[in-house]
Amino acid sequence: MLDAALIKGCADPSLKPAIIEQFVMAAGSDDPLAVTVKSGGRLILVPKAASTEEAMAIVRQYAGQAVVRVGLTQFPAGIGVKEPADLKPDLVGACQNLRKGTAMFAKALRIVAKWYGNPTSKDVFPQIFEDAIYAWKAGEFEGVGVFRADDLRPCQELSRYQALSGLCRRQPAIKQPRR
């Protein structure tokens, strides 16, 4: 179970803490230094990292050759990076990994919810969440690469259903000055 302070201080604010905990339990790891490597659908056994440096050495060794997931959220290493040397150690830092992972997962949830037609019934949320977990693990949903896809829209524009289901926290409205 994740620490409430870690969630509050580091996780994407568009997701409620309960959703974040469910996400990490379903798709993540208890160990911020966890590195998972898969190639051709097979899991490659790698030594357990005891430090950030060891974890990053494993990530750099396999990045570009296999699917490498890191940290609490099992964030896909290499997204938006051209060279393995460009990978930053904050990937395995608990706070930064939680921030990046939950932001990316929120995007995957929006992609899945859009595919379902942004339903308004709370009864559909468990299926959307399950499919978003699948999309997170597979990297795609119904032909859409969820990690590289454009974000559909900001949290403030989510449907009433999504706001009620816990997908999004209510954000205070920013008042625009009158002109």
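**Figure 1. Helix 4 and helix 5 are oblique to each other in this predicted model.** The axes of helix 4, which covers residues 94-115, and helix 5, which covers residues 125-138, come within 9 Å and cross at roughly 120 degrees. An angle counts as roughly perpendicular from 65 to 115 degrees and as roughly antiparallel over 145, and the pair is therefore described as oblique. The crossing in which helix 4 passes helix 5 is right-handed. On the side of helix 4, the contact is made by Gly101, Met104, Phe105, Leu109, Val112 and Ala113, while helix 5 brings Phe125, Ile128, Phe129, Asp131, Ala132, Ile133, Ala135 and Trp136. Sorted by class, the residues of this contact divide into 12 nonpolar, 1 polar and 1 charged.

**Figure 2. Helix 2 also meets helix 5, and these two helices are oblique to each other.** Helix 2 consists of residues 17-27, and its axis comes within 11 Å of the axis of helix 5, with a crossing angle of roughly 45 degrees. Here too the crossing is right-handed, as helix 2 passes helix 5. The residues that meet are Ile19, Gln22, Phe23, Ala26 and Ala27 in helix 2, and Phe125, Phe129, Ile133, Trp136 and Lys137 in helix 5. This contact has 8 nonpolar residues, 1 polar residue and 1 charged residue.

**Figure 3. Helix 2 packs against helix 4 at an angle of about 95 degrees.** In this view the axes of the two helices are 11 Å apart, and the angle makes helix 2 roughly perpendicular to helix 4. From helix 2, the residues Ile19, Ile20, Phe23 and Val24 meet Leu98, Gly101, Thr102, Phe105 and Leu109 in helix 4. The contact of helix 2 with helix 4 contains 7 nonpolar residues and 2 polar ones, but no charged residue. Among the residues of helix 2 shown here, Ile19 and Phe23 meet helix 4, and Ile19 and Phe23 also appear in the contact with helix 5.

**Figure 4. Helix 4 can be followed from its first C-alpha to its last, a reach of 31 Å.** Helix 4 has 22 residues, and its reach is close to the 32 Å that would be expected at 1.5 Å a residue. Just after the helix comes glycine 117, whose phi is positive, at about 85 degrees.

**Figure 5. Four strands, in the order 2-1-3-4, form an open sheet with antiparallel pairing.** Strand 2 (42-44) and strand 4 (75-76) are the edge strands, and each of them pairs on one side only. Strand 1, which covers residues 35-39, pairs with strand 3 in the antiparallel sense over 4 bridges, and in this pairing threonine 36 of strand 1 stands opposite arginine 69 in strand 3. Strand 3, made of residues 67-70, is joined to strand 4 by 2 bridges, and these two strands run antiparallel. Arginine 69 also stands opposite proline 76 in strand 4.

**Figure 6. Strand 1 and strand 2 form a hairpin with 2 residues between the strands.** The two strands run antiparallel and are joined by 3 bridges, and lysine 38 stands opposite leucine 43 in strand 2. In the hairpin, glycine 40 takes a positive phi near 60 degrees.

Key
Residues are numbered from 1 along each chain as its sequence is written. This is a predicted model: local features need pLDDT of at least 70, side-chain atom pairs count only at pLDDT 80 or more; totals for chains, interfaces and linings use all residues. Side-chain values use heavy atoms; hydrogens and water are left out. Axes are lines fitted to C-alpha atoms, for helices over the stretch in contact, and angles run from 0 to 180 degrees between N-to-C directions. Angles under 35 degrees count as roughly parallel, over 145 as roughly antiparallel, 65 to 115 as roughly perpendicular and the rest as oblique. A crossing is left-handed if the near helix is turned anticlockwise from the far one by less than a right angle, and right-handed if clockwise. Contact means heavy atoms within 4.5 Å. Ala, Val, Leu, Ile, Met, Phe, Trp, Tyr, Cys and Pro count as nonpolar, Asp, Glu, Lys and Arg as charged, and the others, Gly among them, as polar. Two strands pair if DSSP finds at least two bridges between them. The expected span of a helix is 1.5 Å times one less than its number of residues.
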